[in-house]
Amino acid sequence: MNNSPRIRSAKDRRIVAEGNLGYLEGARWHDDALWFSDMSRRMICRLSPDGVVEDVAEVAGRPSGLGFAPDGSPLVVSIEDGRLLRLGENGLEELVDLNSIAYHPNDMVVDREGRAYIGPQGYVFGSEPIGVGLIIRHPDGRMDTGGEDLIFPNGIAISGDGRMLVVAESFRTPRARLTAFDVEDGGSLTNQRVFAEFGSPDIESVDGIGIDSEGAVWTAFPWIGEFRRVREGGEVTDIIRIEPDTVAYPDGGNFAVDAVLGGPDLRTLFLLISDTSPERIVAGFQAEGRIEAISVDVAGITDSRTT
């Protein structure tokens, strides 16, 4: 029996959006459209089914994690000023100031009840990494934490039944990892465990993730330009390699940043890719972004607010 991963060819992919896009994060499929944060341009964006990118709202503090409340209103993490915001009829409004709770909130997932799980960076780059827990903001405004000793919790996703949460620990060393939790009634996180570890020396980071209907996780590996479908326990079933364009971008590379399932039958995997480099990211998320799409066998989750 051959258990080798399926390598997806470049000819299987198509570009669905490019031009005037920067470093793209926070991919979510909602109301038949792809939503994402353009961190370079400080915009919440929406890609319509006909391929048009709409700038929905400017976030002065730089947007990252996205989610949706039960009434459909977008929620966004504003990184630089450490706030969770809601986009309503009158524009952006603050739900909570997170600065007193944790350093540098970043990515986020929102469950069916409107509960937001937020991953804080936790430490200043260049200093000793600090393990943290996830911030949990309940719909009634209560604040809680979940998990412990997470090193830069970044991409976050919840399974279709709402019972498992997975988070990418972006700079866990010496082995990059995905960490899973059980989600209890009321939203608390229990049974913290390793979902998958990646021991190859060329993997220095994991980033955005999305869960499919079988509970496997599509994971972005920015430094090596790959997206992989990973089952709990670490089995890799599929690999999508993004080759760097060294002619157009001699000082950068194709960073695999985030992935989410969507489309009419939830079998389209949207890939958020940025031509950039670590130095350009530090300099203010300088990047040229694009979105590609590829058809996959296993569908995503019907309730898009939990992807």
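Here are some worked exercises on the predicted model shown above.

Before you start, a bit of housekeeping: this is a predicted model in which local features need pLDDT of at least 70 and side-chain atom pairs count only at pLDDT 80 or more, while totals for chains, interfaces and linings use all residues. Residues are numbered from 1 along each chain as its sequence is written, and side-chain values use heavy atoms, with hydrogens and water left out.

**Exercise 1. Work out how compact the protein is for its length.**

Step 1: start with the inventory, which is one helix and 25 strands. Both are DSSP runs numbered from the N terminus, with H or I over at least four residues for helices and E over at least two for strands.

Step 2: take the radius of gyration over C-alpha atoms and set it against the globule rule, 2.2 Å times the number of residues to the power 0.38. The protein comes out at 18 Å and the rule gives 19 Å for 307 residues, so the protein is as compact as a globular protein of that length.

Step 3: add the dimensions. The C-alpha trace spans about 45 × 45 × 40 Å along its principal axes.

Step 4: look at burial, where buried means under 20% relative accessible area, exposed over 50% and partly exposed in between (1.4 Å probe, protein chains only). Of the 307 residues, 57% are buried.

**Exercise 2. Find the edge strands of the sheet β7-β8-β9-β10.**

Step 1: recall that two strands pair if DSSP finds at least two bridges between them. By that rule, β7-β8-β9-β10 is the order of an open, four-stranded sheet with antiparallel pairing.

Step 2: check the ends. β7 (63–68) and β10 (91–97) each have a single partner strand, so one side of each has no neighbour in the sheet.

Step 3: add the twist. Ignoring direction, neighbouring strands here are turned by 30° against each other on average, using axes fitted as lines to C-alpha atoms (for helices over the stretch in contact) and angles from 0 to 180 degrees between N-to-C directions.

Step 4: zoom in on one pair. β8 (residues 74–78) and β9 (residues 83–88) are antiparallel and share four bridges, with S78 facing R83 in β9.

**Exercise 3. Do the same for the sheet β1-β22-β21-β20-β19.**

Step 1: this open sheet has five strands, and its pairing is mixed.

Step 2: the edges are β1 (6–8) and β19 (209–211); each has a single partner strand, so one side of each lacks a neighbour in the sheet. From one strand to the next the twist averages 20°.

Step 3: for a detail, take β21 (residues 226–230) and β22 (residues 236–241), which run antiparallel and are joined by five bridges. Here E226 sits opposite R241 in β22.

**Exercise 4. Say whether strand β25 is enclosed or open to the outside, and name its partners.**

Step 1: count the buried residues. Six of the eight residues in β25 (residues 288–295) are buried, so the strand is largely enclosed by the rest of the structure.

Step 2: look at the partners. β2 (residues 14–18) pairs with β25 in the antiparallel sense over four bridges, and E18 stands opposite R290. β24 (residues 268–276) also runs antiparallel to β25, with eight bridges, and T268 stands opposite S295.

**Exercise 5. Describe what surrounds D111 and F255.**

Step 1: D111 is in the loop between β11 (105–110) and β12 (116–120), and it is buried at 7% relative accessible area.

Step 2: list the polar partners. The D111 side chain makes a polar contact with the side chain of R115 at 2.7 Å; such a contact is a pair of N or O atoms within 3.5 Å, and within protein one must be able to donate a hydrogen and the other to accept it, with residues adjacent in sequence counting only if both atoms are side-chain atoms. A polar atom of the D111 side chain also lies 3.0 Å from the backbone nitrogen of E113.

Step 3: move to F255 in strand β23 (residues 253–262), buried at 6% relative accessible area. Leaving out residues up to four places away in sequence, F255 touches several residues (heavy atoms within 4.5 Å), including Y23, W223, L272 and I281.

**Exercise 6. Compare the burial of N20 and R62.**

Step 1: most residues other than glycine have a negative phi. N20 has a positive phi near 55°, and R62 has a positive one near 75°.

Step 2: N20 is in the loop between β2 and β3 (24–30), and R62 is in the loop between β6 (53–58) and β7.

Step 3: N20 is exposed at 61% relative accessibility, whereas R62 is buried at 7%.
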